[in-house]
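Work through the exercises below with the sequence and the model open. Each task is followed by a solution in steps.

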Amino acid sequence: LSQISKQAKKQTPVNYFAKCRAQALLSLRKKASVIVTDALKASKLVNTIDATLDSTKKGAINEKTLRNLTLNYGAVEGEAILFLNKKDLIAFGDVRGTNEKKAVYEITPDSANPNTGIIKEGGLSVRYCLNKNLTACAGTAQTAKAQPTMFYGVPRCLKLDLFSDYEIAVSDDFAFDKLLSTIRGDVEMGADVVVPGGFVALTIAANA
């Protein structure tokens, strides 16, 4: 669901339709992101490596994290992407060397879309994409269950299936008192990893 002001109807029919469609598709992308993330977390085809823990048994990011995760994939693929929570991207930026205290990782956001970009560490260059539906590794405590955090892999190793057409409907009744039109988009969809080892996850191991 999404909502827009009823004043949008006073624009041209083309602009009104385009605004409704854009809002509905934005909501669809958000829902699809949740479905994809849940599929990654639940898949038995995803390889895992244990995250480093600090002295308080919380996940930590250090100068070896990116290298260990990506090279555990078998090879640094040109099409592979690192999916991570924004808190972990900040944690990468905070890592400093022991001697000169310089930043270990060089982070360059994409100017067209700051949710994506490149992380460099020495000769290693990895594309990343932020996903707020993922658990952050940095600062997350161990629990009784293992917790997958960031994922590295080739996106096409996960398949998103649409089982119906995407339909858009608009109602003026739902938020009548707020002078808002409510846009509902609905579709039948599902997702799953389809390639064994198509992704590797950095996981906070369960408590012993």
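For the charge count used below, Lys and Arg are taken as positive and Asp and Glu as negative, while His and the chain ends are left out. The place of a charge is NZ of Lys, CZ of Arg, CG of Asp or CD of Glu. The model is predicted.

**Exercise 1. The chain as a whole**

Task: State how the charges of the protein chain are placed, and describe the chain's extent and surface.

Solution.
- Step 1. The protein chain has 27 positive and 21 negative charges, and their mean positions are 4 Å apart.
- Step 2. The C-alpha trace spans about 65 × 40 × 35 Å along its principal axes.
- Step 3. The accessible surface is about 12400 Å², and carbon and sulfur atoms make up 53% of that area.
- Step 4. The chain has 208 residues, of which 35% count as buried.
- Step 5. The secondary structure consists of three helices and 14 strands.
- Step 6. Take the contacts between residues at least 6 apart in sequence: 72% of them join residues at least 24 apart.

**Exercise 2. The partners of β12**

Task: Which strands pair with β12, and in which sense?

Solution.
- Step 1. Locate β12 at residues 180–186 and β1 at residues 2–5; the two run antiparallel and are joined by four bridges.
- Step 2. Within this pairing, Ser2 has Ile183 as its bridge partner.
- Step 3. Turn to β11, residues 167–175, which pairs with β12 over six bridges, also in the antiparallel sense.
- Step 4. Here Ala169 is bridged to Arg184 of β12.
- Step 5. Look at the link between β11 and β12: the two strands form a hairpin, with four residues between them. In this turn, Leu179 has a positive phi of about 55°.

**Exercise 3. Three loop residues**

Task: Is Thr140 buried or exposed, and what does it touch? Then place Leu45 and Asn113 in their loops.

Solution.
- Step 1. Thr140 sits in the loop between β8 (124–130) and β9 (147–153).
- Step 2. Its relative accessible area is 15%, so Thr140 is buried, the limit being under 20%.
- Step 3. Leaving aside residues up to four places away in sequence, Thr140 touches Lys57, Lys58, Gly59, Thr135, Gln147 and Ile204.
- Step 4. Leu45 belongs to the loop between α1 (13–42) and β2 (47–50). With a relative accessible area of 31%, Leu45 is partly exposed.
- Step 5. Beyond residues up to four places away in sequence, the contacts of Leu45 are Val193, Val194, Val195, Pro196, Gly197 and Gly198. Leu45 and Pro196 are 151 residues apart in sequence, yet their C-alpha atoms are 4.6 Å apart.
- Step 6. Asn113 is found in the loop between β6 (106–109) and β7 (116–121). Asn113 is partly exposed, at 33% relative accessible area.
- Step 7. From Asn113 to Gln142 there are 29 residues in sequence and 33 Å in space, C-alpha to C-alpha.

**Exercise 4. The cysteines**

Task: How many disulfides does the structure hold? Why is Cys157 not bonded to Cys129?

Solution.
- Step 1. The structure holds zero disulfides.
- Step 2. Cys129 is in no disulfide, and its nearest cysteine sulfur is that of Cys157.
- Step 3. The sulfur of Cys157 is 16 Å from that of Cys129, and therefore too far for a bond. A disulfide needs sulfur atoms within 2.5 Å.
- Step 4. Cys129 counts as partly exposed at 22% relative accessibility, whereas Cys157 counts as buried at 9%.

Note on methods
Residues numbered from 1 in each chain as written. Predicted model: local features only at pLDDT ≥ 70, side-chain atom pairs only at ≥ 80, totals over all residues. Heavy atoms only, no water. Pairing = 2+ DSSP bridges. Buried < 20%, exposed > 50% of the residue type's maximum accessible area, 1.4 Å probe, protein only. Contact = heavy atoms within 4.5 Å. Areas by Shrake-Rupley, 256 points an atom, 1.4 Å probe, with all protein chains shown as cover.
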